[in-house]
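Student: I have a protein model open and want to learn to read it. Can we go through it step by step?

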Amino acid sequence: MIQLHDKHFVPFISGKEIDSAIAKMAQEVAEDLDEEIPLFVGVLNGAFMVVSDFMKHYPKACEVSFVKLASYEGTTTTHEVKKLIGLNQDLSGRSVVVIEDIVDTGNTLVELKAMFESQNVKQLKFATLFLKPEAYKKDIKIDYIGIEIPNKFIVGYGLDYDGLGRNIPEVYQLKD
């Protein structure tokens with residue numbers, strides 16, 4: 001068990017399980033995109049570890065960039081996505097794969113979809129390491145899912161609780 005600020009968290013997903021899920025996603029993307037040279041877009045801050053490991057597993061030519069959006073305060077979503085840092089490159093005619101650490105409500109995906117569709121991309125796909133199917137109620141297709149998890153608050157592997165826990169190489173969930 002670990003403590004971050006005032007909360008306790010228990011072990012949930014091992015680093016080995018995470019690596020296996022990311023390797024599988026990278027292979028699926030490589031097969032789907034065939035000879036395309038995709039632009040992978042990581043969503044900061046949470047996805048930095050996912051993107052790093054995804055890139056290590058991706059076997060073909062590709063590019064990477066990041067956007068930064070925020071929708072969480074503490075352990076609950078604010079239901080309001082704020083675009084903080086965007087892309088500065090021309091995406092016209094490009095295949096873009098957005099890489100998320102976690103999808104729960106899907107509010108961030110709605111914002112990202114609108115942002116990228118206005119850029120005239122050739123195709124837009126979404127990948128997430130973790131999906132909370134109980135919480136996700138949007139109509140946007142998530143093309144690549146690493147691990148489905150229950151609707152519990154998690155930390156580690158890039159995910160934080162008020163700034164702490166991103167550096168933990170495994171995932172912990174909030175203790176009941």
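The questions below take up ring pairs, salt bridges and strands in turn.

Student: What kind of model is this?

Tutor: Keep one thing in mind as you read the atoms. The model is predicted.

Student: How many aromatic pairs does the structure hold?

Tutor: Look for rings of Phe, Tyr and Trp whose centres lie within 6.5 Å. The count of such aromatic pairs in this structure is six.

Student: Is the pair of Phe 9 and Tyr 161 stacked, tilted or edge-to-face?

Tutor: The ring centres are 6.1 Å apart, and the planes make an angle of 55°. Under 30 degrees would count as stacked, and over 60 as edge-to-face. The angle of 55° fits neither, so the pair of Phe 9 and Tyr 161 is tilted.

Student: How many residues apart are Phe 9 and Tyr 161?

Tutor: Phe 9 sits in strand β2, residues 7-13. Tyr 161 sits in the loop between β9 and β10. Their pair links distant parts of the chain, and the separation is 152 residues.

Student: Are Phe 9 and Tyr 161 buried or exposed?

Tutor: Buried means a relative accessible area under 20%, and exposed means over 50%. Phe 9 and Tyr 161 are both buried.

Student: Which residue joins Phe 9 and Tyr 161 in a cluster?

Tutor: Follow the ring pairs around Phe 9 and Tyr 161. They link these two into a cluster with Phe 153.

Student: Is the pair of Phe 40 and Phe 54 stacked, tilted or edge-to-face?

Tutor: The centres of Phe 40 and Phe 54 are 4.9 Å apart. Their planes stand at 70°. Over 60 degrees is the cut-off to use, so this pair is edge-to-face.

Student: Which helix holds Phe 54?

Tutor: Phe 40 lies in strand β3, residues 39-44. Its partner Phe 54 is 14 residues away, in helix α2.

Student: Why do Phe 40 and Phe 54 count as buried?

Tutor: The cut-off for buried is under 20% relative accessible area. Phe 40 is buried because its relative accessible area is 0%. Phe 54 counts as buried because its value is also 0%.

Student: How many salt bridges does a search of the whole structure find?

Tutor: Lys 24 and Glu 28 form one of them, with the closest N and O atoms 2.9 Å apart. Searching the whole structure gives a total of nine.

Student: Lys 24 and Glu 28 are separated by about how much of helix α1?

Tutor: Both residues lie in helix α1, residues 15-33. They are four residues apart, so the separation is about one helical turn.

Student: Are Lys 56 and Asp 53 buried or exposed?

Tutor: These two form a salt bridge, with N and O 3.2 Å apart. Both lie in helix α2, three residues apart. Lys 56 has a relative accessible area of 65%, so Lys 56 is exposed. Asp 53 is at 18%, so Asp 53 is buried.

Student: What is the relative accessible area of Asp 143?

Tutor: Asp 143 meets Lys 141 in a salt bridge of 3.5 Å. Lys 141 is exposed, at 60%. Asp 143 is partly exposed, with a value of 22%.

Student: Which are the edge strands of the open sheet?

Tutor: The sheet has four strands in the order β1-β2-β10-β9, with antiparallel pairing. An edge strand pairs on one side only, and the edge strands here are β1 and β9.

Student: Which residue is the bridge partner of Ile 154 in β10?

Tutor: Two bridges join the antiparallel strands β9 and β10. In β10, Ile 154 has as its bridge partner Gln 173.

Note on methods
Residues are numbered from 1 along each chain as its sequence is written. This is a predicted model: local features need pLDDT of at least 70, side-chain atom pairs count only at pLDDT 80 or more; totals for chains, interfaces and linings use all residues. Side-chain values use heavy atoms; hydrogens and water are left out. Buried means under 20% relative accessible area, exposed over 50%, partly exposed in between (1.4 Å probe, protein chains only). A salt bridge is a side-chain nitrogen of Lys or Arg within 4 Å of a carboxyl oxygen of Asp or Glu. Two strands pair if DSSP finds at least two bridges between them.
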